[in-house]
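Biologist: Got a minute to go through this one with me? I'd like to talk about helix packing, cysteines and a leucine.

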Amino acid sequence: MSRRAISITLSEQNRATLEHWVRSPSTPQKMVRRAEIVLRAADGWTNEQMVKAGLGSGVTVGRWRQRFAEFGMDGLQDIPKPGRPRIISDEKVTELLATSLTKPKGRTHWSSRELAKQQGISQSTVSRLWRKHNLKPHRVETFKYSKDPELEPKVVDVVGLYLNPPEKALVLCVDEKSQIQALDRTQPKLQLKPGQVERHTHDYVRHGTTSLFAALNVATGEVLGQCHARHRHQEFLQFLRAIDKAYPEGEIHLVMDNYATHKHANVRKWLNKRPRYHLHFTPTSASWMNQIETWFGILHRQALERGVFRSVKSLIAAIHSFMEQWNEGAAPFKWVKSADEILAKAVRNK
């Protein structure tokens, strides 16, 4: 990266093609990344700037810059690997991939076995081509695009706090994980041992719930939390008082979602009396921008999902124990997306 990077010049046609690859949801992610590298290079970005923007390592960025300089658009394709010649034609591959995107009669999606049977090829060939082209018909994920009329100013505001926090001010990401269940299995679980994964019964007994109010310090990664039986504005006010006691001095910026509890009249009244607090709301349907949600996910996977809790008291003890261990080695999450990148994706996917 210390050497001078190869200069890239794009024709109008090549730039239009690369920009189409970046925008199209059907473009494989590896090709989107290569196209972004070439576009940034043509715009005068250095390799180091692209690495900092998360486009890949210095070796990766340099490789695709050089490949494009030497071979043009063809240089962005994968180099054929040595080995046995393909026994399936390009036409057959195109047909298989096109069929993979359709729905088979009477089913919601293709399985590799059924598609192989329909195409007259082996199941392993179908699986290999799906992996190569990043197709996963068996998987489905949920999504929801934010329709917040203040989407842009909210994104700019929250991301600005993460990337350039106010000097000598504290930024806390606040939210509640409600209705955490104390679940006990109907039979003792079988512990992990060589040759056997941990096992537990599929059925369980409920012993009540608790709601966790938590605040993540963006600068340090430390978490402050309280468990309550309910998650009304009264409990939220108790948690705000705990924050006030834990951080008695200085400006405090709170990042929160649009849950009604956070905007209750009594909450607003309490905050109005304390001008050192500043509120920042994430866009609707974009709670993922609140960093405490990332921590909640870690808590669930590492302490709750496989836990056995015979009472709410034991559940709360496990949550506080995890929080203690977390804070001993706490480190801030690294925010890598700029406001422009988030907004560009939101507009592209509408």
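Modeller: Sure, and keep in mind that this is a predicted model. Let's begin with helix H1 (residues 12-23) and helix H2 (residues 29-42), which pack with their axes 8 Å apart at an angle of about 135 degrees.

Biologist: So what does that make H1 relative to H2?

Modeller: Oblique: an angle of about 135 degrees makes H1 oblique to H2.

Biologist: Is the crossing of H1 and H2 left-handed or right-handed?

Modeller: Left-handed.

Biologist: Which residues meet there, H1 against H2?

Modeller: From H1 you have Arg15, Leu18, Glu19, Trp21 and Val22, and on the H2 side they meet Met31, Val32, Ala35, Glu36, Val38, Leu39 and Ala42. Sorted by class, that contact has nine nonpolar and three charged residues, with no polar ones.

Biologist: OK, another pair. How do H5 and H7 pack?

Modeller: Helix H5 (residues 90-100) and helix H7 (residues 123-132) have their axes 11 Å apart, and the angle is about 80 degrees. That makes H5 roughly perpendicular to H7.

Biologist: And what's in the contact of H5 with H7, by class?

Modeller: Six nonpolar residues, one polar and no charged ones. By name, Val93, Leu96, Leu97 and Ser100 of H5 meet Val126, Leu129 and Trp130 of H7.

Biologist: Switching topic: how many disulfides are there in the whole structure?

Modeller: Zero, from a search of the whole structure.

Biologist: Why is there no bond for cysteine 173?

Modeller: Because the closest cysteine sulfur, the one in cysteine 227, is 19 Å from the sulfur of cysteine 173, and that is too far for a bond. A disulfide here needs the two sulfur atoms within 2.5 Å. Cysteine 227 is in no disulfide either, with cysteine 173 holding its nearest cysteine sulfur.

Biologist: Is cysteine 173 buried or exposed?

Modeller: Buried, as its relative accessible area is 0%.

Biologist: Now leucine 224. Where does that one lie?

Modeller: In strand E3, which covers residues 223-228. Leucine 224 is partly exposed, at a relative accessible area of 23%.

Biologist: What does leucine 224 touch?

Modeller: Leaving out residues up to four places away in sequence, leucine 224 touches Phe213, Ala214, Ala215, Phe239, Ala242, Ile243, Ala246, Tyr247 and Met323.

Biologist: What about arginine 268, how many Å separate its C-alpha from that of leucine 224?

Modeller: 21 Å, with the two residues 44 apart along the chain.

Notes: Residues numbered from 1 in each chain as written. Predicted model: local features only at pLDDT ≥ 70, side-chain atom pairs only at ≥ 80, totals over all residues. Heavy atoms only, no water. Axes fitted to C-alpha atoms, helices over the stretch in contact; angles between N-to-C directions. Helix = DSSP H or I, 4+ residues; strand = E, 2+ residues; numbered from the N terminus. Parallel < 35°, antiparallel > 145°, perpendicular 65-115°, else oblique. Left-handed = near helix turned anticlockwise from the far one by under 90°. Contact = heavy atoms within 4.5 Å. Nonpolar A, V, L, I, M, F, W, Y, C, P; charged D, E, K, R; others polar. Buried < 20%, exposed > 50% of the residue type's maximum accessible area, 1.4 Å probe, protein only.
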